[in-house]
Amino acid sequence: MAYDQSAMNELHWLIDMVQTIEVGLVVLDRNYDIQLWNGFMENHSGVSPNSIKGSNLFEQFDYLPATWLKQKMESVFLLKNRAFISWEQRPYVFQFGNYRPITGRADFMYQNVTLLPLSSLTGEITHISMIIYDVTDVAINKLQLKAANERLEHLSQTDGLTQLHNRRHWQICMQREFDRHARYGEPTTLVMFDIDHFKRINDTYGHIAGDKVIQHVSHILKQSLRETDCAGRYGGEEFSVVLANTDAKSALNFADRLREKIAASEMLYESAKISVTVSIGICDIEEELENSGKWLANADHALYEAKQAGRNCCSCHSAPCFRFKNCVIFKQLIALSNFLLDADLRS
């Protein structure tokens with residue numbers, strides 16, 4: 001009699017624990033009909049154990065991912081092994097509202113779920129248990145930390161004025177593309193440009209206007225890029241772009257379109273209309289280039305030549321494209337050549 005009383009006490013305690021524990025407990029039979037639904041599940045679903053017992057889980061909660069979840073459960077029945085569902089795999093299984101004030105920004109409770117096989121006295125797996133853990137605090141903290149780290153990484157790679165890559169990160173991109181060319185031989189071209197007579201803008205309108213001009217040019221640059229291009233502010237009023245899978249001739253077309261867009265645009269600053277032009281240097285990766293530093297130096301030298309040729313033009317270091325395009329001196333040479341040709345024809 002004492003043994004029966006002890007067993008009854010243990011059963012009572014177990015039932016009380018199942019109903020009051022801060023973990024969801026659900027037991028399903030082979031047809032996914034609910035056999036146990038504890039207090040945690042009642043509190044968060046608003047459905048009492050008595051009203052839901054015997055109901056089919058997927059009919060009762062039609063928002064559940066039935067195909068995916070049944071596949072998980074079938075593996076537990078067949079393999080007799082437990083299965084886990086992490087909030088990182090699926091934020092929640094049951095659409096329970098988030099009731100925690102600290103993590104109030106979450107619409108739903110983040111959940112980890114464990115599926116356990118339950119065997120009968122004969123050893124046959126006849127039921128399955130779902131254990132639902134509220135991990136909202138852990139999930140939100142991890143997501144906030146991840147977002148903060150991503151923000152810090154973005155800030156460490158970004159130029160504050162232009163929101164382009166900063167010089168350090170752009171050079172990492174340049175080195176990566178140089179190494180990619182060394183491995184696969186894909187054409188890659190480097191474009192360097194700066195704003196013509198930028199000191200004159202600062203002297204005339206002030207440094208705030210100069211910053212606005214830099215932002216204006218960077219905005220036009222960003223609108224001209226492909227997703228695979230890597231653009232950065234190299235320093236001051238100088239910009240740099242790595243054009244992946246692009247030969248020198250195509251890069252020259254890109255550069256000249258960019259030059260024309262910038263030259264055709266106007267920026268309004270304190271009722272003053274400011275127009276600027278840029279000079280552009282271009283260099284693709286030649287076979288004799290031993291490192292990315294030489295590649296950069298060649299592009300910078302081409303930029304210098306564009307300035308020497310009259311500014312507001314493109315200069316190409318590499319042989320496959322025109323030496324100059326739209327440069328003042330280049331146009332003057334063409335005009336002189338045409339004049340001499342006409343003179344010869346007249347004589």
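How many bridges join strand 1 to strand 2, and do these strands run parallel or antiparallel? In this predicted model, strand 1 (residues 24–29) and strand 2 (residues 34–37) are joined by 3 bridges and run antiparallel.

**Figure 1. Overview of the predicted protein model.** The secondary structure of the protein comprises 12 helices and 13 strands, and 42% of its 347 residues count as buried. Among contacts in the protein with a separation of 6 or more, 59% are made by residues 24 or more positions apart. The protein exposes about 19,700 Å², of which carbon and sulfur atoms supply 53%.

**Figure 2. Close-up of the hairpin of strand 1 and strand 2.** Across the antiparallel pair, V27 stands opposite L36 in strand 2. The hairpin has 4 residues between the strands, and in this hairpin Y32 takes a positive phi near 65°. As background for reading the side chains in such a view, those of a regular strand alternate between the two faces of the sheet.

**Figure 3. Close-up of the second largest pocket, which has a volume of about 170 Å³.** The residues that line this pocket are S224, R226, D229, L243, T246, S250, N253, F254, R257, L258 and K261. Helix 10 (residues 248–264) gives the most to the lining, with 6 residues.

**Figure 4. The lining of the second largest pocket, shown by residue class.** The lining has 3 nonpolar residues, together with 4 polar and 4 charged ones. The residues to be labelled in this view include L243, F254 and L258, as well as R226, D229, R257 and K261, each of which lines the pocket.

Technical notes:
Residues numbered from 1 in each chain as written. Predicted model: local features only at pLDDT ≥ 70, side-chain atom pairs only at ≥ 80, totals over all residues. Heavy atoms only, no water. Helix = DSSP H or I, 4+ residues; strand = E, 2+ residues; numbered from the N terminus. Buried < 20%, exposed > 50% of the residue type's maximum accessible area, 1.4 Å probe, protein only. Contact = heavy atoms within 4.5 Å. Areas by Shrake-Rupley, 256 points an atom, 1.4 Å probe, with all protein chains shown as cover. Pairing = 2+ DSSP bridges. 1 Å grid on protein atoms, 1.4 Å probe; cavity = no way out; pocket = protein on both sides within 12 Å on 5 of 7 lines; lining within 4 Å. Points joined across faces, edges and corners; volume = space filled by probe spheres on them. Nonpolar A, V, L, I, M, F, W, Y, C, P; charged D, E, K, R; others polar.
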